[in-house]
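I opened this entry to look up how the sheet is built, what packs on it, and where the nonpolar cores lie.

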Amino acid sequence: MAVEIVQTTPMPPAIQQALDRDYTVHRLWEAKDRDALLKEVAPRIRGMVTSGGVGAQPPLIEALPKLEVISSFGVGYDSIDIDCAKRRGVIVTNTPDVLTDDVADTAMALLLAMMRRIPQGDQFVRQGRWPKDKFPLTDKLGGKVMGVLGLGRIGQAIARRAEPFNVEIRYFGPRKKAGIAWRYYDDLVAMAKDVDILMIACPGGKETEKLVNAAVIDALGPKGYVVNIARGSVVEEPALVTALVTGKLAGAGLDVFADEPNVPEALWTLDSVTLAPHVGSATHATRQAMGDLVLKNLAAHFAGQPVLTRVV
Ligand code: 8YV
C-alpha cells in the first residue's frame, strides 16, 4: 500500500509525476469540497507536500492525526506553524542551498535594473522613442555601500556578488558572524544611515515582521535604495510606498510583497521601482532541484532514514 499524503499546491511536472508514482496523493488545491476530502482521507495521511507560499497552518496540521512529515518546497518556512508542528511531533523540511544562487542573482538583477532603469530603457526602445528622444541618465552602482539585512546563506551570496561591482558591504542581523570581515551593526537604523542600499535577505516570520519601518526608511533617505528578495512581511509596506511616491527614497527593487499576488497600485507607475512577481528561485533548474529535495526528504523519512534538510 502506497503511503498517503496531502499536497496543498502544484509542483513542477517531473516532481508531480514522481509524487504520483510513489504515493497516493490527495490534491487539496483541486478539491471541490476540501473539507469533505480532508475528512475522508485524514485518518490515513502520513505526509504533506506544501510550499513556502502556501505553508501549513494549525487547522490543517491538527486535522491530520497521523501526520509525520511536512516536506516544503522553498527555503522560507514562515508560512508553516512550526510550534504546532513541534507540538504534534511532525518533522518539517525545507529546500535550502539549492536556490541560493538564483535568489542572489535575482537580487543583483533587481538592483541593477532599478538603479540603471533597464525596464524603462527596454520600453523606450520598443516604443520607438529612441530616434526622437534621449534616455535620461541614471545612478552608478560602483562605489555605493550596501547594508545587508540578514547575512545568511542568501545574504552572503548577494554580498559576494556585489563586491566585484565595487560595492562596499556591511550587515545587520541578530549577531555578529564569526569569520566575517564586513562591518557589523546591531542597530538597523544606524546601518540604514550609513548605507546607500538596503538589501533585505533575512527570513520572514514574527521575529522580522516590519523590521524595515518608517524610521529605517527615513534613515536611508532620498538617495537610498531598498531591494527586497526576502519576504514582504519584513517591510512596513505602506511606509515604503509613501516614501517612494513622495521621493523620500530613491528607489526599490521588489520581488516580494505583503499581500502577494497583490501589489500596491501606487507602485505600478513609478519609474523608481522595479517589480517582480516573486521569482527569486524561479528557474527550471532550481525549481527541479527544490522539487528533488522535497522528494528526497519524503523518501528518506518513509524509509526510516533521517531527512536531509530538517527545520524541526
Ligand atoms: C518559492 C521562496 O517561490 O524559497 C522560498 O522561501 O520564497 C521561493 O523559493 C516559494 O517557496 C514557493 O512558494
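I worked from a predicted model, in which local features need pLDDT of at least 70 and side-chain atom pairs count only at pLDDT 80 or more, while totals for chains, interfaces and linings use all residues. Residues are numbered from 1 along each chain as its sequence is written, and side-chain values use heavy atoms, with hydrogens and water left out.

I began with helix α7 (residues 153-162), which lies across β6 (145-149), β7 and β9 (197-200) and runs at about 170 degrees to β6. Here contact means heavy atoms within 4.5 Å, helices (H or I, at least four residues) and strands (E, at least two) are DSSP runs, and angles run from 0 to 180 degrees between N-to-C directions of axes fitted to C-alpha atoms.

I then traced the open sheet, whose 7 strands follow the order β8-β7-β6-β9-β10-β11-β12 with parallel pairing; two strands pair if DSSP finds at least two bridges between them. β8 (183-185) and β12 (273-275) stand at the edges with a single partner strand each, so one side of each has no neighbour in the sheet. At the β8 edge I found 3 bridges to β7 (residues 168-172), and R170 stands opposite R183 in β8.

Last, I checked the largest nonpolar core (buried Ala, Val, Leu, Ile, Met, Phe, Trp, Tyr and Cys residues joined through side-chain atoms within 4.5 Å, buried being under 20% relative accessible area with a 1.4 Å probe, protein chains only). The core has 50 residues, and I158 is among those with the most contacts inside it. Helix α5 (residues 100-116) gives the largest share, 8 residues.
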